[in-house]
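Please look through the sequence and the model below before reading on. The report that follows takes up confidence, pockets and sheets in turn.

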Amino acid sequence: MPLTTVALGRVYDFSHVVGRNAAAGTGFAHPFCITLAKGGILYATNRGTENNFSMRVNKVKIGAPGEEELLAEFYKWGQGDGRSTWPFGVAVDSQERVYVSDDWLNQISVFDKEGKFLSKWGKAGSGDGELNRPAGLACDQDDHLYVVDSGNNRIQKFTQEGRFLAKCGKAGSGDGEFNQPWGITVDGDGYVYVADWKNHRVQKFSADGKFVAKFGRYGVVPTSVFVQDQVTLPETVGKKVAEAGLLNHPTDVAVDPEGDVYVADWGNHRVYIFDPEGQPIASLIGDAQVVSKWGQQSIDANPDMMKARRRAKSLEPEWRFCFPTAVEFDPATYRIIVADSQRGRLQIYHKVRDYVDFQANL
């Protein structure tokens with residue numbers, strides 16, 4: 001399978017992998033949500049199942065291939081200020097304050113960019129400003145914080161200090177309604193996109209909470225289909241088109257400056273891409289044919305691991321996504337960053353700008 005995906009005038013080149021499975025230290029433990037800060041800094045919440053000490057936030061520097069660097073770990077499991085039980089969403093504002101939701105404690109904790117605890121707010125309930133299993137977080141250009149209030153099937157908007165501003169949504173499957181929503185993002189024009197997990201779609205809202213559009217519909221895509229699932233010609237017919245745009249429990253969403261929408265299609269083990277009007281473009285399925293720097297260090301330090309990999313009939317299953325949970329688009333570098341949760345790593349793609357094919361017939 002090539003490391004480049006070409007579809008409908010877009011080109012996505014696979015770049016590299018960051019991280020490895022690790023309960024602590026240089027790695028991730030089931031990365032759940034991610035957010036980007038300035039200068040290639042990424043924060044990731046971890047919800048590893050190995051032990052409680054896998055609960056944490058990682059601060060990682062993402063550079064070129066082989067340049068990854070773990071800068072800090074904070075919001076670790078425990079009791080008291082700056083400690084977590086079930087960390088979920090993470091967001092960064094313009095002043096580089098880091099917000100993290102805990103869907104067990106029903107609160108938002110705030111840290112500085114180095115991971116120093118600053119404050120916390122939120123309490124359990126269903127009233128305005130109260131939370132029930134808060135999930136994804138996103139900051140808008142005014143540093144207002146959007147909180148996916150998943151257990152209450154709504155989105156709430158707060159100031160940086162936690163003062164309630166507005167809400168939208170209720171339980172249901174109609175336009176503007178939710179069934180256990182998960183991830184969220186705000187685009188450059190202030191539109192809000194929400195991964196509506198159990199309704200198997202993404203919904204788009206205006207900044208004041210009015211429903212605008214929806215993307216995707218429910219469908220389970222067999223591996224044999226989604227490995228090849230990209231729309232390359234308008235006249236493409238048959239099973240590929242019938243399967244295009246299907247989502248199975250989407251967990252997160254990102255939007256690039258051109259308005260293309262990237263969805264972490266958790267149950268179908270891929271990232272699905274829509275154009276601004278909701279038409280299917282392509283799917284990314286994972287292309288990690290070269291392990292990360294941290295992963296290679298583990299292999300080099302363990303001869304038995306190296307021998308076991310050589311005995312494997314095929315390493316292709318390792319290349320692919322396994323239940324990806326989060327996706328981010330970096331407008332500064334045009335990189336697509338995917339939290340490949342079950343494999344404890346990030347896979348990074350690059351969207352090629354102003355791509356022009358060679359015209360051999362001129």
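## Confidence, pockets and sheets

Over residues 224–239 the pLDDT, which is the predictor's confidence in each residue from 0 to 100, stays under 50, and for these residues the model has 34 contacts beyond four places in sequence, a contact meaning heavy atoms within 4.5 Å. Where pLDDT is low, predicted coordinates should not be read in detail. For the protein chain the mean pLDDT is 89, and 90% of its residues reach 70 or more.

This is a predicted model, in which local features need pLDDT of at least 70 and side-chain atom pairs count only at pLDDT 80 or more, while totals for chains, interfaces and linings use all residues. Residues are numbered from 1 along each chain as its sequence is written, and side-chain values use heavy atoms, with hydrogens and water left out.

The pockets were found on a 1 Å grid over the protein atoms alone: a pocket is an open set of points where a 1.4 Å probe fits, with protein on both sides within 12 Å along at least five of seven lines, and lining residues have an atom within 4 Å of a point. Grid points are joined across faces, edges and corners, and a volume is the space filled by probe spheres set on the points.

| Pocket | Volume | Lining residues |
|---|---|---|
| Largest pocket | about 1000 Å³ | 47 residues |
| Second largest pocket | about 350 Å³ | 18 residues |

Nearest the centre of the largest pocket lie Cys139, Thr185, Val186, Glu328 and Phe329. Among the elements that give two or more residues to this lining are β3 (31–36) and β11 (134–139), strands being DSSP runs (E, at least two residues) numbered from the N terminus. In the second largest pocket, the residues closest to the centre are Phe32, Arg47, Phe88, Trp182 and Trp197.

Strands pair if DSSP finds at least two bridges between them. One open sheet has four strands in the order β3-β4-β5-β6, with antiparallel pairing, and its edge strands are β3 and β6 (69–74), each of which pairs on one side only. Within this sheet, seven bridges join β4 (residues 41–47) to β5 (residues 55–61), and asparagine 46 has arginine 56 of β5 as its bridge partner.

Another open sheet of four strands, also antiparallel, has the order β11-β12-β13-β14. Here β11 and β14 (164–168) stand at the edges with a single partner strand each, so one side of each is left without a neighbour in the sheet. Four bridges join β13 (residues 154–158) to β14, where phenylalanine 158 stands opposite phenylalanine 164.
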